[in-house]
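Student: I am new to this structure and would be grateful for a close look at a single part of it. Could you take me through the strands and their pairing, and then place that part among its surroundings?

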Amino acid sequence: MIAYKFLSAGAVAPFTRRPWPLPSPAGAGPWLDAPDDRPEHGVHACRVRDLAFWLDSELWRVELDDPLRDGQRQIIGSRGRLVERISRWDESSARGFAEACAWRARDRSVAALRGSAFDQDAALLVGCSSLSELRSVSNGISTRSCGLPAALAGYLAETVDFLLAGDSACSTYISARSAVVAERGDEDAFGEEREEQSWALAERLGLSPQRDV
Amino acid sequence: MIVNSDDLSCQELVELVTDYIEDRLPASLRTRFEMHLSYCEPCRIYLAQMRETVTLAGRLSEEALPAGAKEALLAAFRGLHRGDGGQP
């Protein structure tokens, strides 16, 4: 099965620190076996819809070998190999993706402001055209507002803070957390927003539009 | 309390780090642990430091301690239990 895997720089597994053998011009890389026979210790990759849960420096298309098992937001195979690096995923596209997530958080904040009849503040957010402006305006709203609009504006300001500080992955996480706040604490909103982020990322990277991989 | 199957707080991660390093976490919790690491650079650094500490400490033997170090450490631990902060 073809799936996707984020790796740290140098094609290193982010958690085990195992280096993955690289593909050659002739084709896919050598197989990497699971570290042991325990079922949960197989080789992990993910589907398109779960990409946003596993962001890292490099994104690879990988082949997983049978038997396959569904894990939480992952697919687990008995072994795997690198097929092709998704070259469009780099620091610049990571930042672009995080920016798109920040603008989604802005829209969420705007909806809450309008829902509470704070139309003037909503218009201020809608009028933002840069991240620094977005940070400044959302900070102001979070300070002078109250309740849900203030909370969402605060999340938005923090989303932009991390983005401007260069931490794109954390920025997308905070943006997804703001979906939970918007849904009055419904934790399912987090996973749903992460999935929406994943689809948006796949579209940016030109990955398979099929939603079953 | 872990409230989301796709999320884990930094504090929860800190509490679980030893079990993670020793591969004693159930699969679902290990997955949440690793999901957290995917976006949290400070926790990645913390995990790396803990792994380094375990590696370095694992090289120590009782015989390798310099003279007086064992007594000083024992005194410090006894002081810790007495609540005086372990000061000799």
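Tutor: The account below begins with the sheets of chain A, then turns to a pair of helices, and ends with chain B.

The model is a predicted one, and every remark here should be read in that light.

Let us begin with the open sheet of four strands in chain A, whose order is β1-β4-β7-β2. The pairing in this sheet is antiparallel. As general background, strands of a sheet pair through backbone hydrogen bonds, either parallel or antiparallel. At the edges of the four-stranded sheet lie β1(A), residues 2–7, and β2(A), residues 32–33, each of which pairs on one side only.

Consider β1(A) in more detail. Its partner is β4(A), which covers residues 58–65, and six bridges link the two strands in the antiparallel sense. Within this pair, F6(A) stands opposite L59(A) of β4(A). Although β1(A) is an edge strand, β1(A) is mostly covered, with five of its six residues buried.

At the other edge, β2(A) pairs with β7(A), residues 79–85, through two bridges, again in the antiparallel sense. Here L32(A) has G80(A) in β7(A) as its bridge partner.

Chain A also has an open sheet of three strands, in the order β3-β6-β5, and the pairing there is antiparallel. The edge strands of this sheet are β3(A), residues 43–45, and β5(A), residues 69–71; each pairs on one side only. From one strand to the next, the twist averages 35 degrees. The edge strand β3(A) is joined by three bridges to β6(A), residues 74–77, and the two run antiparallel. In this pair, H44(A) stands opposite I76(A) of β6(A).

We may now turn from strands to helices. In chain A, helix α5 spans residues 168–182 and helix α6 spans residues 188–205; their axes come within 8 Å and cross at roughly 135 degrees. Because of that angle, α5(A) is oblique to α6(A). The crossing of the two helices is right-handed. On the side of α5(A), the residues that take part are T172(A), A176(A), R177(A), A179(A) and V180(A), and they meet A189(A), F190(A), E193(A), R194(A) and Q197(A) of α6(A). By kind, the residues of this contact divide into five nonpolar, two polar and three charged.

Finally, there is chain B. Chain B contains four helices and zero strands, and along its sequence the pattern reads α-α-α-α. It has 88 residues, of which 17% count as buried. Among the contacts in chain B with a separation of 6 or more, 37% come from residues 24 or more positions apart.

Chain B also touches chain A: 15 residues of chain B are in contact with 18 residues of chain A. On the chain B side, the largest share comes from helix α2(B), residues 27–39, which supplies eight residues. The residues on that side of chain B divide into six nonpolar, five polar and four charged.

To draw the strands together, the order β1-β4-β7-β2 describes the four-stranded sheet of chain A, and β3-β6-β5 describes the open sheet of three strands.

Technical notes:
Residues numbered from 1 in each chain as written. Chains lettered and ligands numbered in written order. Predicted model: local features only at pLDDT ≥ 70, side-chain atom pairs only at ≥ 80, totals over all residues. Contact = placed C-beta atoms within 7 Å. Nonpolar A, V, L, I, M, F, W, Y, C, P; charged D, E, K, R; others polar. Pairing = 2+ DSSP bridges. Axes fitted to C-alpha atoms, helices over the stretch in contact; angles between N-to-C directions. Parallel < 35°, antiparallel > 145°, perpendicular 65-115°, else oblique. Left-handed = near helix turned anticlockwise from the far one by under 90°. Buried ≥ 20, exposed ≤ 12 C-beta atoms within 10 Å, placed from the backbone.
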